[in-house]
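I opened my notebook to look up how one chain is put together. I wanted to start from the whole and work towards single residues.

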Amino acid sequence: MEFLVALAGIMMVNIVLSGDNAVVIAMASRNLPAKQQKQAILWGSAGAIGLRIVLTLVAVILLQIPYVQFVGGLLLVWIAAKLLVEDSGEENVEAGTSFWAAIKTIIIADLVMSLDNTLAIAAIAKGDYLLLGVGLALSIPLIIFGSQIIIKIMDKYPIVVYAGAALIAWTAGEMMLADDKVGPIIHGMIPGWLVPAVITIGVVALGLWKKKNQKEKAVD
């Protein structure tokens, strides 16, 4: 059951964080003929996924080093907040004018944008390589085939984005507590559950406040 819950968490993170990556793939290949467009998406995605797997494995190893988990937790807090308060910038992706240019753009853009996915997935897996492998394998169809579906889901059901951000925020708090050096200090001062709870509430509240401000500006 714990395995399935963690796997569901990895899938949720990928659904929320892979939307922009999938759009990048579509944007980068939009100027190619239809036949080449499909090939560029396939090969560009394959290259990007290969790099993502390597990055995730490296992240799992790095997270075992003292203090790195705490710093990674802080970074995850920023990623969760950014997910709710910033507009995505995929419109600025340069479309490739040739087959190989499109593939290069897809791989580079996806690599840069996958750093958040990589860290979040590694944090949820907690060193379980089987869970990591299954989670990444199930994520591949999301990236290659699910671009428009992911975007439509998030547009129609904003709660998915908030749920994903909350999951990432909670994971960030757990990462901080799991750090061999900082974790015991925090446990000695306050109840452990309070850290992820406060971080999660803070991130979601920030997102709701930002959304409210955007609505008020739109009315004005």
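The entries below go from the overall make-up to a core, a helix pair and three residues.

**Entry 1: ground rules.** I noted that this is a predicted model, in which local features need pLDDT of at least 70, side-chain atom pairs count only at pLDDT 80 or more, and totals for chains, interfaces and linings use all residues. Residues are numbered from 1 along each chain as its sequence is written, and side-chain values use heavy atoms, with hydrogens and water left out.

**Entry 2: the whole chain.** I looked up the elements and found eleven helices and zero strands. Both kinds are DSSP runs numbered from the N terminus, helices being H or I of at least four residues and strands E of at least two. Of the 220 residues in the protein chain, 44% are buried; buried means under 20% relative accessible area, exposed over 50%, and partly exposed in between, with a 1.4 Å probe and protein chains only. I also looked at contacts, meaning heavy atoms within 4.5 Å. Among the contacts with a separation of 6 or more, 86% are between residues 24 or more positions apart.

**Entry 3: the cores.** I searched for nonpolar cores, each a set of buried Ala, Val, Leu, Ile, Met, Phe, Trp, Tyr and Cys residues joined through side-chain atoms within 4.5 Å. Which members of the largest core touch the most others? They are Leu76 and Val203, in a core of 35 residues. Eight helices, α1, α3, α4, α6, α7, α9, α10 and α11, each supply at least two residues of this core. Helix α9 gives the most, with nine residues. Leaving out residues up to four places away in sequence, I listed the contacts of Val203 as Val77, Ala80, Ala81, Leu84, Ala165 and Ala169. A second, separate core has five residues, including Leu32, Ala40, Phe99 and Ile103. My textbook note here is that nonpolar side chains tend to be buried together in soluble globular proteins.

**Entry 4: α9 against α11.** How do the axes of α9 and α11 cross? They come within 8 Å, at roughly 150 degrees. These axes are lines fitted to C-alpha atoms over the stretch in contact, and the angles run from 0 to 180 degrees between N-to-C directions. On the α9 side I found Tyr162, Ala165 and Trp170 among the residues that meet α11, whose residues there include Ile199, Val203 and Leu208. The residues of this contact divide into 15 nonpolar, three polar and two charged. In that count Ala, Val, Leu, Ile, Met, Phe, Trp, Tyr, Cys and Pro are nonpolar, Asp, Glu, Lys and Arg are charged, and the others, Gly among them, are polar.

**Entry 5: three residues.** I looked up Asp179, which is in the loop between α9 and α10. Asp179 counts as buried because its relative accessibility is 2%. Its C-alpha atom is 8.3 Å from that of Ile65, although the two are 114 residues apart along the chain. Beyond residues up to four places away in sequence, Asp179 touches Ile65, Pro66, Tyr67, Val68, Gln69, Phe70 and Pro184.

Next I took Thr171 in helix α9. Thr171 is buried too, at 7% relative accessibility. Outside its neighbours up to four places away in sequence, Thr171 touches Leu76, Ala123 and Ile124.

Last came Ala6, in helix α1. With a relative accessible area of 15%, Ala6 is buried. Not counting residues up to four places away in sequence, Ala6 touches Ile124 and Leu131.
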